[in-house]
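Here is a short report for someone meeting this structure for the first time. Keep the view open while reading.

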2 protein chains.
Amino acid sequence: MDDRAKRIVETAVALAERDGYQAVRLRDVAASAQVALGTVYKRFASKEEILIAALEQESEKLVAKIGRKPVPGDGPRERVHFVFSALTKGLLRRPNLAKALVRSLASGDPNITERVASFHALITAMVMAAIRGEAASEQAEWGGDVDERERTIASILQNVWFASFVGWAGGLHEASQLLLDIDKTTELLLAD
Amino acid sequence: MDDRAKRIVETAVALAERDGYQAVRLRDVAASAQVALGTVYKRFASKEEILIAALEQESEKLVAKIGRKPVPGDGPRERVHFVFSALTKGLLRRPNLAKALVRSLASGDPNITERVASFHALITAMVMAAIRGEAASEQAEWGGDVDERERTIASILQNVWFASFVGWAGGLHEASQLLLDIDKTTELLLAD
DNA sequence: GGGCAAAATAGAACACGTTTCACTTCTAGT
DNA sequence: ACTAGAAGTGAAACGTGTTCTATTTTGCCC
């Protein structure tokens, strides 16, 4: 990502953080990033793509924070709780930004399908690492020997978290519900 | 809902069915429903509200089809499968419409929060009925004696289905994945 | 340091959701 | 029937995502 693209994404993040999705007006983004509107569209095909790039940037930061070391905690449940707690807190520190990013994730825009899939895969991988008590970055080293049951459980947890996240973003419930949902699910799916 | 409102929603459904969310242009809706644009906005606050009204109409039809009789099937798993299968097939019969409706469900628009919550509650209630082998419409008769564990399981299944539905709408996977996700989840959560 | 292709720019223009407004038609109560 | 207020209409206008174009600037090769 070149310099201008970085400025564009950072500006979009700043605007979303302050006032949410609708505040990311591309004319404002361009002006604030000291770039012409045409340049924005040379780098990004749409507003959604800018926000997905922002999501990628933010998730890299989160992974850097919590994905390096083996997940702490005495059992799978505790470790899964830890990962989702860190993820959720990390994102909800800036709720307006978080809502804007979820909105892009759930937009259904066919042009960002691959990147949405990558995000989901990233979360699933982190959850699998948590179940096993490994560091998420070890994922790359695995052979093909992933336990199918663990993958399924991780995927369910990822789906529950995502659905609950969308629900929070839409005002269905408080942020605390996110972890409640995850905890209830792990209680039924994982040994202590 | 008065006559004009009905025509508006029906027109929106027809347009979404043919060409998806973006094809529901409100000027076209108004023209096709033989109504002025101002009248559309007197009935509905936004495009999202029209589509949510369409979702309510469609889910009523689905409930009428599958919610009247006790859910068929020999065990909770089979019955849950039946309900989600019917729901999914019913919606995916018109994929463009289904995508448009999911998009509204996941839009995060704060003005439709209550109706999104109602939809989720409806699905959850149907799943609980399926677990118990009852008819969903019996729900109203229940006292307060809902089994907390069953409610939790139903809610998890609802979340998984919704997340998978959003994934399908965004091109992440085929429609068949929806039922696979549900079946894998019930295998882990419910006795046969 | 001149020339050229690629990139960037300013700004107009377009599409569509949404709002507004001036005017007309209904409808209910008398 | 008459009238006041509600509802509907048609058209214009605005905001913002997106596209387009003519012009300028930049980076690079000789």
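The report goes from one chain to the pair, and then to the DNA.

## Chain A as a whole

This is a predicted model. Chain A has nine helices and zero strands. Read from the N terminus, its elements run α-α-α-α-α-α-α-α-α.

The C-alpha atoms of chain A fill a box of roughly 55 × 40 × 30 Å along the principal axes. A compact globule of 192 residues would have a radius of gyration near 16 Å; chain A has 18 Å, which agrees. Of its 192 residues, 41% count as buried. Take the contacts in chain A with a separation of 6 or more: residues 24 or more positions apart account for 69% of them.

## A buried methionine

Met128(A) sits in helix 7 of chain A. Is Met128(A) buried or exposed? Met128(A) has 23 C-beta neighbours inside 10 Å, and 20 are enough, so it counts as buried.

Leaving out residues up to four places away in sequence, Met128(A) touches Glu150(A), Arg151(A) and Ala154(A). Phe84(A) lies 44 residues from Met128(A) along the chain, and their C-alpha atoms are separated by 12 Å.

## Helix 4 of chain B

Helix 4 of chain B covers residues 47-66. At 1.5 Å a residue, its 20 residues should span 28 Å. The C-alpha atoms at its ends are 29 Å apart, which agrees.

Which residues of this helix are buried? They are Ile50(B), Leu51(B), Ile52(B), Ala53(B), Ala54(B), Leu55(B), Ser59(B) and Ile66(B). These buried residues pack against four partners in chain B: helix 1 (3-19), helix 5 (76-92), helix 6 (95-105) and helix 7 (113-132).

## How the two chains meet

A turn of 180° and a shift of 0.0 Å along the axis lay chain A on chain B, with an RMSD of 0.0 Å. The two copies are thus related as by a two-fold rotation axis.

The contact takes 27 residues from chain A and 27 residues from chain B. On the side of chain A, helix 6 (95-105), helix 7 (113-132), helix 8 (148-169) and helix 9 (176-189) each give two or more residues. Helix 8 of chain A supplies the largest share, 10 residues. By class, this side of chain A has 15 nonpolar, eight polar and four charged residues. The copies meet through the same surface, because 100% of the interface residues of chain A are also interface residues in chain B.

## Around DNA strand C

Which residues come nearest to DNA strand C? Of the 16 residues around it, they are Ala36(A), Gly38(A), Thr39(A), Ser46(B) and Lys47(B).

Helix 3 (37-43) of chain A, with helix 2 (26-32) and helix 3 (37-43) of chain B, each supply at least two residues of the surface near strand C. Helix 3 of chain A gives the most, with four residues. The surface near strand C has seven nonpolar, four polar and five charged residues.

## Around DNA strand D

DNA strand D has 16 residues around it. Ser46(A), Lys47(A), Ala36(B), Gly38(B) and Thr39(B) come nearest.

Helix 2 (26-32) and helix 3 of chain A, together with helix 3 of chain B, each supply at least two residues of the surface near strand D. Here helix 3 of chain B gives the most, with four residues. By class, the residues near strand D divide into seven nonpolar, four polar and five charged.

Methods. Residues are numbered from 1 along each chain as its sequence is written. Chains are lettered from A and ligands numbered from 1 in the order in which they are written. This is a predicted model: local features need pLDDT of at least 70, side-chain atom pairs count only at pLDDT 80 or more; totals for chains, interfaces and linings use all residues. The expected span of a helix is 1.5 Å times one less than its number of residues. A residue is buried if 20 or more other C-beta atoms lie within 10 Å of its own, exposed if 12 or fewer, and partly exposed in between; C-beta atoms are placed from the backbone. Two residues are in contact if their C-beta atoms, placed from the backbone, lie within 7 Å. A residue is near a molecule or strand if its C-beta atom, placed from the backbone, lies within 6 Å of it. Ala, Val, Leu, Ile, Met, Phe, Trp, Tyr, Cys and Pro count as nonpolar, Asp, Glu, Lys and Arg as charged, and the others, Gly among them, as polar. Copies are superposed by least squares on the C-alpha atoms of residues with pLDDT of at least 70 in both. The radius of gyration is taken over C-alpha atoms; the globule rule is 2.2 Å times the number of residues to the power 0.38.
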